[in-house]
Each structure stands twice: as C-alpha cells, then as structure tokens.
Amino acid sequence: MFPDSESVGYFPAVSPLVEGGDRHSEIVGELLDGDEPVTEPAVDRALTTRVILDEEDELVEWARRRHSPQPLRVRRLVTALGRDLSSGQVAAASALAGRGGLKLIVGPAGAGKTTGLAAAVKTLRLQQRSVFGVAPTAAAAEVLATETGMAADTLDKLLIEHGITNRPPSPDYDLPAGATLVVDEAGTVSTPKLAERARLADERQWRVVLVGDPRQFAAVGRGGMFGHLVDTLGAVELDEIHRFTHEWGRQASLRLRSGDPAVLDIYDHHGRVHSGPREDMETQVIEAWKEARNVGRSVALMANSNDTVNRLNKQCQQLLVDTGHLHPAGHSLKIGDQILCEGDEVVTRRNDRTLRTNSGLMVKNRDHWNIHRIHDDGTVTVTGPTGTITLPADYVNGHVELGYAQTSHASQGRTVDVALLLLDTPTDSRGVYTPMTRGREANHAYVAVEENRTGADVLANAVSREWADQPAVARRTHH
C-alpha cells in the first residue's frame, strides 16, 4: 500500500527559514520540476519528490478510509469509570474506547490528556478489548504506561518486532485483531514511521488512535502529517486547561498556542518575562533555579541550544560546589568537557534494554539520576525514579552528562512546579509555547537581548514564526 519506507528516508528539499539567513533547497533524488534535476535556491517554491507525495497521499487516503464519526453510546460507561472528567476528557476517552478504525485526539499542554486516556483504558478492559500504547521515545512510553495503566513501548520497538522475519513478534507486541493501538505524541512521529505503522495496522487489523498536539514540537525529519490529518478530518480536542495554578495562565497558554503575540504582554505584566544581556540572563535564570529548589519546588531549566544547556549545567554544578552541596575533592570522572562528581544530577542519553535497574526497568534516553558512587574502574552507580544501577564504564563515557539543564525539546511531556526558559538563540512558536507550558505554578522566559529591544518583542517575533515542516500535500493544496 505504501512506498518502501527506505526509499523516502530523506528530508524535503526546503530548509527552514532561519533568522538572518536565506531559504535554500538541497535537492535529493528526482524532483517534480521537469525532466532535469533543479539545483537553484528555492525561495518562492516548495520542491519535493514523487515518492514523498505518493507516501503522503497514501496516508491521507488511509486516514479517510478508516476515520469515522464517533458513536455516543460509550460515553455513559466512560463517565461512570472516570470521575470528575471534563466534557473534553469524556469526548477524548469515548473516542479512544469507541469503535472505528481511526480516531484523532488533540491535547493542548495541560489539558489533562492522560486522565481521559486512563478512563478509556479502564473502559476497554471492562469490555475485554486489548489496548497498547506507543510513543516516539522510551521515556514518553514509560509516562504513558504509568499514567494510563496500559502497556506501552516505543513505536520503533513495535515496528522492529513485526519486522523480524525468522520469528513471530514477542507476546507483548503480538496484539490481536481488533486491538486498539494508541500512538501518543503523534505530532513528533516522522511521516515514514507513520506510513509504516499504518501499513502494519492494516495487516494486523488494529484500530489506531493518534494523540498529540500539532502546536508543540514536531518530528525530527520529515513530518507534519498529524497536523494535516487533524486539519483535513477533524479531531476530538481537549479544550479545558487544568495544569496551571493561575486562571490567567490557563487562558494565556491557549493564546500562546494559537500564535497570538499580544499575549506576551500578559506574561510580561505578571513578571514572567525578563530581558537583558546574555550573561545577566544566565545569572538570573540560575538564581531562579536555585531559589525554586531551595523551597522544594520541582523545576525545569531549559534552553533551545545544546551549547547553552552545557554552559548552564556547568554553572549549576559550580553553584552547588560553592554552596557546599557538592564536593569535587571526592571521586570524580571527566567525560568530554564535563567533570562528574558524586552527588551530581545526570541524565542518560541512550536507550539500552540490556541495562536494568534493581526495579527491572531499562535505562532510557533522558532518564534523570543522582550519582551515588564513582568507582575506580570507571563504572558509576546512579539512583533515579526507576531504581538504582551501576552503569558500565563504556556507557558512562559515551552516554552520560550533567542533567541540571536540558533542551526545550527534551522537556516536552514534562510537568513541573516551575519552568525556566533561557532564550539566547532564534526560535519559533513551538520553541516558546512548549517550554513555557511545563510549569504548574510559574513559567518564566529569560531573553537575551541587544540594546533597544525588549524580551517581549523578541518573544512576540518568535511566536509569529513557524519553522515546523509542512507536508508536501499541504503545500500543494496551498499553492
């Protein structure tokens, strides 16, 4: 049904427009611009390939064929099983627990998506119907499983299990016909992966429920199909925000999501926007991080570039040394340009199913840990929410780094008390909306600016920009 996914493993030929630069095309393959390949800059044109268009057209047709209106009879059971659900949560849970081959659910940040999904899982189990969840990352899959009560894993793992030719899928992934496959964070799934999953769902006769938010970070690589399907077919959308302590924050988050730059005046009015030279902003954001931790608040310290994250991590570590919370005179380990000490907070950066904590859970990319002991042989014992493990020296050398700060992309899916964003590089609406909706109690932006500019101005420009990949089928329609 779908083109071979390996034949479309390259990106569209239009690079995102970056501040201060030009938009250029890097032509790969045979382009739809005549018989001869085209190599000139593509400023006013969107160039693609026939394979990409065919794959996206097939996905649209697959979705049209499977998508169906939602019957209402399951709502009574959902409402009985899920107490205190909002009308949007009931609608989302009813869509997931209902019938029909495809359902689309949109959940803005803080809308209580997993609460509704948990009620749907209870409903399906009461009806003795199988349900399984997948997500783009192992960390997201673990959150999905923990918060909804259904078994879950990565989308890649499911596809790999069904792609092995010399044995059937492992029992956990061998879902029966009629099972409901929930794809969480669907907006971050690349188009080739969606196509592969669609083909597999047809072969195994599974229902599919795509859940996500087209306004948060998109796929790495060629994507945008979830948002296009939502625009084309419609979706159940959770429209009531629950996460934020302040009512103004709930309403402001929806305006920020819609790309309304005027809403930055509200954040500024409530003291959530700070601006100044980069060095001052780094000092202020780390001071805010320290104050939040000192009063027992969970805090996310974020930036939109790896270089800035690395600087913030080192400064946080030095602050803990200066205040006596870390003692670098003890055992330490140099990893790249970072020095890890006993007591440091670190993250692991690679999934490894062979590494299991004392709770039996795998080590995942973006897991957070505290270093308990650094051993003479280079192994490191760490403790985190998933348990305790001694990581091998080769894994530590290649895949462990300080974890006080993280990129904004890595923050998607997290909920904390206080969110702190340091913005010192150009970004777009997703680079503001996603990190500025992580905190229940407060979300602050620290914006590095030059003279005669304000933080609100810089944020307003970013909120007005759109860098996410748009499918070729959508570009064709618009042209």
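Reader: How many disulfides does the count come to in this model?

Author: The structure is a predicted model. A disulfide requires a pair of cysteine sulfur atoms within 2.5 Å. By this rule, the number of disulfides is zero.

Reader: Is Cys316 buried or exposed?

Author: A residue counts as buried when its relative accessible area is under 20%. The value for Cys316 is 0%, and therefore Cys316 is classed as buried. Another cysteine, Cys341, has a relative accessible area of 4% and is also buried. The class asked for, that of Cys316, is buried.

Reader: What percentage of the residues in the protein chain is buried?

Author: The protein chain holds 17 helices and 20 strands. Among contacts with a separation of 6 or more, 71% join residues 24 or more positions apart. The chain has 479 residues, and the buried share of them is 50%.

Reader: Why is strand β5 described as largely enclosed by the rest of the structure?

Author: Strand β5 covers residues 207–212. Arg207, Val209 and Val211 point one way from the strand, while Val208, Leu210 and Gly212 point the other way, and all are buried. The strand is largely enclosed because the number of its six residues that are buried is six.

Reader: Which residue of β5 is the bridge partner of Ile105?

Author: Ile105 lies in strand β1, on the side that also holds Lys103. Strand β1 (residues 102–106) pairs with β5 in the parallel sense over five bridges. One of the pairs joins Leu104 to Leu210. For Ile105, the partner in β5 is Val211.

Reader: Which residue stands opposite Leu181 in β5?

Author: Strand β4 (residues 180–183) runs parallel to β5, and four bridges join the two. Opposite Leu181 in β5 stands Val208.

Reader: How many residues of β1 are buried?

Author: Leu102, Leu104 and Val106 lie on one side of β1, Lys103 and Ile105 lie on the other, and all are buried. Both faces of β1 are therefore covered, and the strand is largely enclosed by the rest of the structure. Of its five residues, the number buried is five.

Reader: Which residue of β6 is the bridge partner of Ile105?

Author: Strand β6 (residues 236–237) pairs with β1 in the parallel sense, over two bridges. In β6, the partner of Ile105 is Val236.

Reader: Which strands stand at the edges of the open sheet of five strands?

Author: The order of this sheet is β7-β20-β19-β8-β18, with parallel pairing. Each edge strand has a single partner strand, so one side of it is left without a neighbour in the sheet. On average, neighbouring strands are turned by 25 degrees against each other, direction ignored. The edge strands are β7 (273–276) and β18 (405–407).

Reader: Which residue stands opposite Val418 in β20?

Author: Strands β19 (residues 416–423) and β20 (residues 439–448) run parallel and are joined by seven bridges. Opposite Val418 in β20 stands Ala442.

Reader: At what angle do helix α4 and helix α5 pack?

Author: Two packed helices are described by the angle between their axes and the distance between the axes. For α4 (residues 113–126) and α5 (residues 138–148), the axes are 8 Å apart. The crossing of α4 past α5 is right-handed. The angle is about 60 degrees.

Reader: Which residues of α5 make the contact with α4?

Author: The contact of α4 with α5 has four nonpolar, two polar and one charged residues. On the α4 side, the residues are Thr114, Leu117, Ala118 and Val121. On the α5 side, they are Leu144, Glu147 and Thr148.

Technical notes. Residues are numbered from 1 along each chain as its sequence is written. This is a predicted model: local features need pLDDT of at least 70, side-chain atom pairs count only at pLDDT 80 or more; totals for chains, interfaces and linings use all residues. Side-chain values use heavy atoms; hydrogens and water are left out. Axes are lines fitted to C-alpha atoms, for helices over the stretch in contact, and angles run from 0 to 180 degrees between N-to-C directions. A crossing is left-handed if the near helix is turned anticlockwise from the far one by less than a right angle, and right-handed if clockwise. Contact means heavy atoms within 4.5 Å. Ala, Val, Leu, Ile, Met, Phe, Trp, Tyr, Cys and Pro count as nonpolar, Asp, Glu, Lys and Arg as charged, and the others, Gly among them, as polar. Two strands pair if DSSP finds at least two bridges between them. Buried means under 20% relative accessible area, exposed over 50%, partly exposed in between (1.4 Å probe, protein chains only).
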